[in-house]
Amino acid sequence: MPVIENIKELPKTATRESYGNALVELGREHEDVIVLDADLAAATKTGTFKKVFPERHIDCGIAEANMTGIAAGLSTCGKVPFISTFAMFAAGRSYEQVRNSIGYPHLNVKIGATHAGISVGEDGASHQCNEDIALMREIPGMTVINPSDDIEAKAAVKAAYAHEGPVYLRFGRLAVPIINDRLDYKFEIGKGVILKQGKDLTIFATGLCVSEACLATDMLEKEGIDAEVINIHTIKPLDEELVISSASKTKRVFTVEEHSIIGGLGSAVTEVLGEKCPVKITRLGVKDVFGESGPAKELLHKYELDADGIYKNIKESLSHDH
């Protein structure tokens, strides 16, 4: 049985679109929501919010560090600011301000980082942030969420609003299949989602790699390899209990992320299992290199983060185990 039926035929939406739509829904429900952008409202999709609530949308211009400081100030006045720009600028250019002005005083600011990872495509290495999860994860008290589709992204935005404290939300440019459209779907910060039970190995995936991991699992199943698939939408706090229980059952772990294998999901899972449940782990992701310019899907294929690449790497790793 496929992990998710007809995944290739499912409707697709970019999670940055989901972000813009969720902000509008939040804005209707809560008057304290303020959205700030750094001259990228059309790309980050906060322009959707601006059309409905122009008086609650602030364009700070190409001044991301300043925007971060403004949001910190607004949060001390009872507002719930969402700051929005590309992940490269939200996590990279503004790192010091996020750390010192938001993280250190533990302010209630939400960071909507779009265009993360190599799927930014033609914008190239300067804009393809494969280091943002690592940067944000190490800030004390920061929650880090990387949703896998439209439904999860909207749920994450609403959960971030309800959560007291800083939250980093990671969104993508590329349209991805809507895989969580089911009645029993429930989003909870810090709780992983088991998409398929398995006994031979565990795949922990995050973001756009979740749907690709599901397709790779279907390919493995045809060869008699029974993989467990778990969607880790929250990198921090990590669902340690689920990670340990699955790893202790299958004894073989793979992590898949559109991020550097250094400091992201792979590192988070490895740290926990290294201390509490030592098993063989293989981290699939961007391998200590910068991205390059090219169509998003071709880049995902070249960096082996699509279903074919995940399948190939798992097969090769298993062959070396014996």
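**The largest pocket and the fold around it**

Mentor: In this predicted model, the largest pocket has a lining of 25 residues, and I7, K8, E212, L215 and A307 are the ones that lie nearest its centre.

Trainee: What makes a residue one of the 25 that line the largest pocket?

Mentor: A lining residue must have an atom within 4 Å of a point of the pocket, and 25 residues are counted as lining here, I7 and K8 among them.

Trainee: Which elements supply at least two residues of that lining, and which gives the largest share?

Mentor: At least two residues each come from β8 (175-177), α9 (209-221), α12 (296-302) and α13 (307-321), while α9, with six residues, provides the largest share.

Trainee: How do you know how the lining divides into nonpolar, polar and charged residues?

Mentor: Since Ala, Leu and Ile belong to the nonpolar class and Glu and Lys to the charged class, sorting the lining in this way gives 13 nonpolar, three polar and nine charged residues; the space in this pocket is about 570 Å³.

Trainee: Turning to the whole protein, with its 13 helices and 14 strands, why is it called as compact as a globular protein of that length?

Mentor: The globule rule gives 20 Å for 322 residues, and the radius of gyration is 19 Å, close to that value, so the protein is as compact as a globular protein of that length.

Trainee: What share of the residues counts as buried?

Mentor: Buried means under 20% relative accessible area, and 59% of the 322 residues count as buried.

Key: Residues are numbered from 1 along each chain as its sequence is written. This is a predicted model: local features need pLDDT of at least 70, side-chain atom pairs count only at pLDDT 80 or more; totals for chains, interfaces and linings use all residues. Side-chain values use heavy atoms; hydrogens and water are left out. On a 1 Å grid over the protein atoms alone, a cavity is a set of points where a 1.4 Å probe fits but cannot get out, and a pocket is an open set with protein on both sides within 12 Å along at least five of seven lines; lining residues have an atom within 4 Å of a point. Grid points are joined across faces, edges and corners, and a volume is the space filled by probe spheres set on the points. Helices (H or I, at least four residues) and strands (E, at least two) are DSSP runs, numbered from the N terminus. The radius of gyration is taken over C-alpha atoms; the globule rule is 2.2 Å times the number of residues to the power 0.38. Buried means under 20% relative accessible area, exposed over 50%, partly exposed in between (1.4 Å probe, protein chains only).
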